[in-house]
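User: I would like to go through this structure step by step, beginning with its overall architecture and ending with its backbone details. Please reason each answer out before you commit to a value or a name.

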Amino acid sequence: MEGHLPKRVLQVIGSLGLGGAEAMITNIYRALDHNQVQFDFVVFEEDTGGFEADVRSLGGRVIRTASPSRGHAATFVRALTRLIQENGPYVAVHSHVNFASAPVLLAAAITGVPCRVAHAHIAGPAQQSLSQFAYTRTSRIVLARTATDFLGCGQLAGRYVFGRRWKSHGRVIPNAIDVDRFANAPSDSTLRDRLGIAQDALFLGSIARLSPQKNHAFLLELMASPAMNDLPAHLAIVGRGELQTALERKIDKLGIRDRVHLVGPRHDIPSVMKTLDYMILPSLYEGLPVVLVEAQAALLPSLVSNHVTTEVDLGLGLVEYLPLDLDAWVKRLQAPKPNIPTHNEVLAALQGGGYVVDRSVDELLRVYGLA
């Protein structure tokens, strides 16, 4: 109909980096019918990478605001209330910032947004300090009064963020991906040459935000281990984050700069994956890391810590869990690579697990009341 405007949904995402939430919602955004539905993205960081240009070309907006903090929640609520009023109307506000979704959805409730979605993307340690416990408890109380829908990337993340309310009110929507984008990507044939890596060397990759949760320090200790001297291996660390400077210093201190490469954020992740021998993820905790779903779609074996949820394993033999013990990781890297499943086997597993992006688009549109 002439003059018809798309319905708008506000996605509060924090950043447009490499995290599970960011990857999921950008995959969904690309698959939308933008004549019917548009997303605006609220981010807390100045650097949003190349995706911002895509958003603008497709009719969406990237809106920057100050990050919420535990001590300034009231200020954040007022700022976000104004933001919603000035940029709306919105049929839904969908918040992906875990416990910080509480002030987000309070602002959405104040402005009368009908659909207010809290989405859990992280699972943390069981032990919490008193201040962390108070923050968690307060957030859950606010969310119980403001959210209309409780979503999680997996059961573990849902239970961690929403507590007991998850069992009765929660719903899993897996971190969907564009399967063809990863399955059919060409390898980056020049990456090894640019980094000075021999073709017969073992090429490991970490694709994750540079934050304490991802445990990059363990990877550096692994690469510096004397037992690795007999194994010609290189590690590419893909991503950005607050630990950039600390990791650079540790690399120099350990004397491994010739084997560890900080390559920064990349926007051709499928091609990078096709070039690696292993994805490495020694996280201290996770919700459901979409990068491991993407790696399986790319037929890339992954070695991960046993703190990562088993929900992400599609049963294809491409994900192996290891304790955070250097000897165990060295021993595994010295062993042969696993057998690689066929493309059809991977596609069937992804479809069965609900990781295909078109299915998630349909589910989210129903949540928003648009389908």
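User: How many helices and how many strands are there in the protein chain?

Analyst: The coordinates are those of a predicted model, so the values discussed here are computed ones. In the protein chain, the secondary structure comprises both element types, and the count comes to 16 helices and 13 strands.

User: What radius of gyration does the protein chain have, and what would a compact globule with 371 residues have?

Analyst: Along its principal axes, the C-alpha trace of the protein chain spans about 65 × 50 × 35 Å. A compact globule with 371 residues would have a radius of gyration near 21 Å, and the value for the protein chain agrees with this, because it is 21 Å.

User: What percentage of the residues of the protein chain count as buried?

Analyst: The cut-off that matters here is a relative accessible area under 20%, below which a residue is called buried. Applied to the 371 residues of the protein chain, this gives a buried share of 54%.

User: Is helix H13 largely enclosed or exposed, and how many of its residues are buried?

Analyst: Helix H13 covers residues 290–297, and its buried residues include Val 290, Leu 292, Glu 294 and Gln 296. Because the buried residues of helix H13 number eight of eight, the helix is largely enclosed by the rest of the structure. The answer is therefore largely enclosed, with a buried count of eight.

User: How many salt bridges does the structure hold, and which strands contain Asp 40 and Arg 8?

Analyst: The structure holds 14 salt bridges, and one of them joins the side chains of Asp 40 and Arg 8 at 2.7 Å, N to O. The two residues are 32 apart in sequence, so their pairing ties together separate parts of the chain. Both Asp 40 and Arg 8 are buried. As for the strands, Asp 40 lies in E2 (residues 37–43) and Arg 8 in E1 (residues 7–14).

User: Which residues are linked with Asp 188 in a network of salt bridges?

Analyst: The side chain of Asp 188 meets that of Arg 266 in a salt bridge of 2.9 Å, N to O. This pair links distant parts of the chain, 78 residues apart, with Asp 188 in the loop between helix H8 and helix H9 and Arg 266 in the loop between strand E10 and helix H12. Both Asp 188 and Arg 266 are buried. The residues linked with Asp 188 in the network are Arg 194, Arg 266 and Asp 268.

User: In the salt bridge of Glu 320 and Arg 332, what is the N to O distance, and is Arg 332 buried or exposed?

Analyst: Glu 320 belongs to strand E13 and Arg 332 to helix H14, so the pair ties together parts that are twelve residues apart in sequence. With 23% relative accessibility, Glu 320 counts as partly exposed. The N to O distance is 2.7 Å, and Arg 332, at a relative accessible area of 12%, is buried.

User: Which residues form the positive surface patch, and which form the negative one?

Analyst: One member of the positive patch, Arg 137, sits in helix H5 and counts as partly exposed because its relative accessibility is 46%. On the negative side, Asp 362 is placed in helix H16 and is likewise partly exposed, at 41%. The positive patch consists of Arg 137, Arg 145, Arg 164 and Arg 165, and the negative patch of Asp 178, Asp 180, Asp 358 and Asp 362.

User: Where is there a cis peptide bond, and what is the phi of Asn 215 and of Leu 299?

Analyst: Most residues other than glycine have a negative phi, and most peptide bonds are trans, so departures from either pattern deserve attention. The cis peptide bond joins Gly 88 and Pro 89, with omega about 10°, and Pro 89 is placed in the loop between helix H3 and strand E4. Asn 215 is buried at 13% relative accessible area, whereas Leu 299, in the loop between H13 and strand E12, counts as partly exposed at 25%. Phi is positive in both cases, at about 60° for Asn 215 and near 60° for Leu 299.

How values were computed:
Residues are numbered from 1 along each chain as its sequence is written. This is a predicted model: local features need pLDDT of at least 70, side-chain atom pairs count only at pLDDT 80 or more; totals for chains, interfaces and linings use all residues. Side-chain values use heavy atoms; hydrogens and water are left out. Patches are made of residues with over 30% relative accessible area and no salt bridge: like charges are joined within 9 Å, nonpolar side chains (Val, Leu, Ile, Met, Phe, Trp, Tyr) within 5 Å. Accessible areas come from the Shrake-Rupley method with a 1.4 Å probe; for residues, only the protein chains shown count as cover. A salt bridge is a side-chain nitrogen of Lys or Arg within 4 Å of a carboxyl oxygen of Asp or Glu. Lys and Arg count as positive and Asp and Glu as negative; His and the chain ends are not counted. The place of a charge is taken as NZ of Lys, CZ of Arg, CG of Asp or CD of Glu. Helices (H or I, at least four residues) and strands (E, at least two) are DSSP runs, numbered from the N terminus. Buried means under 20% relative accessible area, exposed over 50%, partly exposed in between (1.4 Å probe, protein chains only). The radius of gyration is taken over C-alpha atoms; the globule rule is 2.2 Å times the number of residues to the power 0.38.
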